[in-house]
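Here is a short tour of one protein chain. Look at the overall fold before the details, and keep the structure in view as you read.

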Amino acid sequence: MSFLPSFGELWAFARTRVLPLAWPMLTNQFIVVGSVFLSMIMLSHLGHAVLAASALIFSTQVSCMVLGMSILFSLSIFIGRAFGAGQHAEIGHYVRQGWLMAMVISIPVIIFFLNSGRILMACGQTVQNATLVQSYFYGYAWGAMPLFLSVVNQQFCFAIHRQKFVILTGVCGVIVLLFTANGMIFGHFGMPKLGVRGFGYAMAIQNWFSLLFMWIRFHRNPAFKIFRLFSGSLRPEWKRLKQIFIVGWPIC
């Protein structure tokens, strides 16, 4: 007698439990990758030097942002457990503590971005590359904090099975990014022509749009009222912050 599940049982479990959770996450990542690809096409029109620097820009950005936001991935575990137990008030506490941690994490990341040019030159990059990268991050630094806050919102939505809301936010954010990037890189639509720095500002605008879009929906949609997301304060709750950090730092 075998205690191992059959292929049919495994497929049924994956089809009913795993895929409904996984495909929205995959779709959201596809949207992010697609927007970066389109942005690279825009930057390529600024010349070979900018195109070369853009590879350094995105590798630096992804490294810093993923290291920071990975700690926040643990939120879906605690929120999902509370959601399964029907402890809706607990979810509000975890989300607010996640927002607080996101703001704290963003501070060293912003400091790094604002000094990225000097750091890259110290690591052996050319002055030209470092200057272009620094120009971008002067704009993008304004969008670091809202992106970390949005990660908290995403983990909340994943945990309570509202993944489609994350996809909707991502699609709207890409539309905003493509419009503002096209305008601020090349000076279209009456916007200032800022080149590489304009793309950094466009990314920051997208991040702020996504954050505000989510918060407005959380506030106005009756389905989110039971979680009382905006009813408490942002004072540190050290027990919850410790839980989030202990589970999150190995992911980071």
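A residue is called buried when its relative accessible area is under 20%, exposed when it is over 50%, and partly exposed in between (1.4 Å probe, protein chains only). This is a predicted model: local features need pLDDT of at least 70, side-chain atom pairs count only at pLDDT 80 or more, and totals for chains, interfaces and linings use all residues. Residues are numbered from 1 along each chain as its sequence is written, and side-chain values use heavy atoms, with hydrogens and water left out.

## The overall fold

The chain has ten helices and zero strands. Helices (H or I, at least four residues) and strands (E, at least two) are DSSP runs, numbered from the N terminus. Of the 252 residues in the chain, 44% are buried. A contact means heavy atoms within 4.5 Å. Take the contacts between residues at least 6 apart in sequence: 77% of them join residues at least 24 apart.

## The core and helix α3

A nonpolar core is a set of buried Ala, Val, Leu, Ile, Met, Phe, Trp, Tyr and Cys residues joined through side-chain atoms within 4.5 Å. The largest one here has 62 residues. Among those with the most contacts inside it are I79, F113 and F156. Leaving out residues up to four places away in sequence, I79 touches I91, Y94, V95, F156, A159 and I160.

I79 belongs to helix α3, which spans residues 75–84. Which residues of α3 are buried? They are L75, F78, I79 and A82. These residues cover an arc of only 95° around the axis, so they sit on the same side of α3. The arc is that of the directions from the helix axis to the C-beta atoms. The face turned away from the buried side carries the exposed residues R81 and G84. On the buried side, the packing partners are α4 (88–114), α7 and α10 (238–251). Just after α3, G86 takes a positive phi of about 75°.

## Helices α7 and α8

Two packed helices are described by the angle between their axes and the distance between the axes. Here α7 (residues 144–159) and α8 (residues 163–186) pack at an angle of about 145°, with their axes 7 Å apart. The contact uses Q154, C157 and F158 of α7, and Q163, F165 and V166 of α8. By class, it has four nonpolar, two polar and no charged residues. In this count, Ala, Val, Leu, Ile, Met, Phe, Trp, Tyr, Cys and Pro are nonpolar, Asp, Glu, Lys and Arg are charged, and the others, Gly among them, are polar. Axes are lines fitted to C-alpha atoms, for helices over the stretch in contact, and angles run from 0 to 180 degrees between N-to-C directions.

H161 is in the loop between α7 and α8. Most residues other than glycine have a negative phi. H161 has a positive phi of about 65° although it is not a glycine. R228 also has a positive phi, near 50°. R228 is found in the loop between α9 (196–220) and α10.

## From α8 to α9

C172 lies in helix α8. What does C172 touch, not counting residues up to four places away in sequence? C172 touches F209 and F213. The C-alpha atoms of C172 and F209 are separated by 8.7 Å, though their positions lie 37 residues apart in the numbering. Put plainly, C172 and F209 are 37 residues apart along the chain. C172 is partly exposed, with a relative accessible area of 21%. F213 lies in helix α9. With the same sequence neighbours left out, F213 touches F165, L168, T169 and C172. F213 and C172 are 41 residues apart in sequence and 9.1 Å apart in space, C-alpha to C-alpha.

## Salt bridges

A salt bridge is a side-chain nitrogen of Lys or Arg within 4 Å of a carboxyl oxygen of Asp or Glu. By this rule the count is two.

| Salt bridge | Distance, N to O |
|---|---|
| E90 and R240 | 2.6 Å |
| E237 and R240 | 2.3 Å |

E90 is in helix α4 and R240 is in helix α10, 150 residues apart, and their pair links distant parts of the chain. E90 is partly exposed, at 28% relative accessible area. R240 counts as buried, at 14%. Together, E90, E237 and R240 are linked in a network of salt bridges.
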